[in-house]
Amino acid sequence: MSTVWFVVAAIAVLMFVVFLFIFFSFVRLWIQSLLTGANIGIGTLIGMKLRNVDYGLIVKQKIALVQAGVKVTTGDLESHYLARGNVPKTAAAVIAAHKAGLDLPWRTAAAIDLAGRDVLEAVRTSVNPKVIDCPDPAKGKQFLDAVCKNGIQLLAKARVTVRTKLERLVGGATEETIIARVGQGIVKAIGSAHDHKEVLANPGMISEEVLKSGLDAQTAFEIVSIDIANLEPGDNIGAKLAADQAGSDLRVAQAEAEKRRAAAVALEQEMKARVEEFRAKVVESEAQVPMAIAAAFREGKIGVMDYYNMRNLQSDTSMRNSISALSGGGNAEGTGRTN
């Protein structure tokens with residue numbers, strides 16, 4: 001019996017020691033939460049320990065939130081921790097928003113943090129607006145190119161002041177969208193100007209036109225102001241386009257002229273071929289004359305004297321042509337008319 005009682009006593013002492021260890025492990029945090037109004041019991045601390053939650057971190061953040069006047073339950077903090085959220089940064093963002101008079105509930109801040117956004121930086125930007133360059137120099141482009149209606153190119157660079165809209169931070173477009181929209185608005189405003197001198201004299205007209213477009217719709221930011229940091233003239237794009245068009249028209253005209261020349265050459269060759277064809281027909285016809293004379297002899301249609309008279313006429317004609325060629329043609333023609 002003494003042995004049994006000894007074993008029971010040893011187990012009881014061991015359990016008491018374990019209880020004291022657990023109690024004194026959490027008693028400091030429990031006392032802190034009790035004194036600061038966080039109201040986290042020892043049972044809750046033990047439960048967080050068993051759920052592998054950093055109970056020390058949760059207690060510290062709950063105390064900070066309570067002291068700042070923000071009402072957040074211990075379960076919300078623990079849930080955000082188990083969801084692999086950044087509890088200290090989220091708590092700091094909620095406290096900063098509360099101090100600045102912004103409406104940022106814990107659930108909204110936790111959702112922003114779990115979405116991968118820097119919720120603390122978002123609150124800071126909402127309180128203290130940030131300035132972004134348009135275009136972004138990190139993308140390798142220093143100026144926006146736009147052309148006025150008179151053909152003159154203008155190189156513009158703007159600085160956009162934005163403030164974070166916390167209610168649209170989840171699902172809202174980011175800075176890249178703001179930069180793209182502002183760039184589009186600047187190009188449109190410059191392109192609608194009739195003369196580049198008007199824009200250079202009054203760069204504020206660009207900001208006014210862009211701000212009227214509501215470019216911050218469906219984005220996580222509110223555009224506070226758009227300032228034209230740099231505006232300078234570039235190339236005469238209209239003159240270049242006109243010169244290129246003139247060169248293109250010249251090449252088209254040259255091509256058309258070459259086509260007509262080729263057609264004329266082809267027609268000339270065709271006419272030469274037809275002349276040669278007609279000459280061949282004349283030669284063929286002349287070759288048939290002796291055959292016709294022979295046939296007339298056989299048929300008795302002409303006699304020997306008729307043939308000699310024809311030969312004399314041919315000889316006389318040949319002589320007249322020779323004389324005409326030697327004298328220039330005038331005398332031979334006169335002699336022919338006299339005879």
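## A first walk through the model

Leaving aside neighbours within four places in sequence, Thr161 is in contact with Pro129, Lys130, Val131, Glu222, Ile223, Val224 and Ser225. Keep in mind as you look around that this is a predicted model. Thr161 sits in strand β3, and its relative accessible area is 14%. Buried means under 20%, so Thr161 counts as buried.

**The β2 and β3 hairpin**

Stay with β3 for a moment, since it has a partner. Strand β2 covers residues 144-147, β3 covers residues 152-164, and the two pair in the antiparallel sense over four bridges. One pairing to look up is Val147, whose bridge partner in β3 is Gln153. Between the two strands of this hairpin there are four residues. Gly151 takes a positive phi near 90 degrees in the hairpin.

Which way do the side chains of β2 point? They alternate: Leu144 and Ala146 point to one face and are buried, while Asp145 and Val147 point to the other face and are not buried.

**The nonpolar core**

Now for the inside. In soluble globular proteins, nonpolar side chains tend to be buried together. Here the largest nonpolar core has 58 residues. Which of them touch the most other members? They are Leu65, Trp106, Val160, Val182, Ile186 and Ile190.

Trp106 is a good one to click on. Setting aside its neighbours within four places in sequence, Trp106 is in contact with Leu65, Val72, Asp76, Leu77, His80, Val87, Thr90, Ala91 and Val94.

**Helices side by side**

Trp106 also turns up where two helices meet: it belongs to α6, and it takes part in the contact with α4. Two packed helices are described by the angle between their axes and the distance between the axes. For α4 (residues 74-82) and α6 (residues 106-114), the angle is about 5 degrees and the axes are 11 Å apart. Angles under 35 degrees count as roughly parallel, and α4 and α6 are therefore roughly parallel to each other. The α4 side of the contact is made by Asp76, Leu77 and His80, and the α6 side by Trp106, Arg107, Ala110, Asp113 and Leu114. By class, that gives four nonpolar, one polar and three charged residues.

Another residue of α4 worth a look is Glu78. Is it buried or exposed? Glu78 has a relative accessible area of 9%, so it counts as buried. Beyond its neighbours within four places in sequence, Glu78 is in contact with Met48, Arg51, Val53 and Ile58.

Helix α7 (residues 119-127) has its own buried residues: Val119, Leu120, Ala122, Val123, Thr125 and Ser126. What covers them? The cover includes α5 (87-99), α6, β1 (130-134) and β3.

**Unusual backbone spots**

Most residues other than glycine have a negative phi, and most peptide bonds are trans. A few places in this model go the other way. Asn52, which is not a glycine, has a positive phi near 60 degrees. Arg84 is not a glycine either, and its phi is positive at about 65 degrees. Asn52 lies in the loop between α2 (42-50) and α3 (55-68), whereas Arg84 lies in the loop between α4 and α5. Then there is the peptide bond joining Cys134 and Pro135, which is cis, with omega about 5 degrees. Pro135 lies in the loop between β1 and β2.

Here is how open a few single residues are:

| Residue | Relative accessible area | State |
|---|---|---|
| Asn52 | 66% | exposed |
| Arg84 | 78% | exposed |
| Gly204 | 30% | partly exposed |
| Thr317 | 38% | partly exposed |

**Two distances to try**

Gly204 and Thr317 from the table make handy starting points. Gly204 belongs to helix α10 (residues 204-211). How many Å separate the C-alpha atoms of Gly204 and Ile228? The separation is 7.4 Å, with their positions 24 residues apart along the chain.

Thr317 belongs to helix α12 (residues 304-327). Its C-alpha atom and that of Pro135 are separated by 97 Å, and these two residues are 182 residues apart along the chain.

Conventions:
Residues are numbered from 1 along each chain as its sequence is written. This is a predicted model: local features need pLDDT of at least 70, side-chain atom pairs count only at pLDDT 80 or more; totals for chains, interfaces and linings use all residues. Side-chain values use heavy atoms; hydrogens and water are left out. Buried means under 20% relative accessible area, exposed over 50%, partly exposed in between (1.4 Å probe, protein chains only). Contact means heavy atoms within 4.5 Å. Two strands pair if DSSP finds at least two bridges between them. A nonpolar core is a set of buried Ala, Val, Leu, Ile, Met, Phe, Trp, Tyr and Cys residues joined through side-chain atoms within 4.5 Å. Axes are lines fitted to C-alpha atoms, for helices over the stretch in contact, and angles run from 0 to 180 degrees between N-to-C directions. Angles under 35 degrees count as roughly parallel, over 145 as roughly antiparallel, 65 to 115 as roughly perpendicular and the rest as oblique. Ala, Val, Leu, Ile, Met, Phe, Trp, Tyr, Cys and Pro count as nonpolar, Asp, Glu, Lys and Arg as charged, and the others, Gly among them, as polar.
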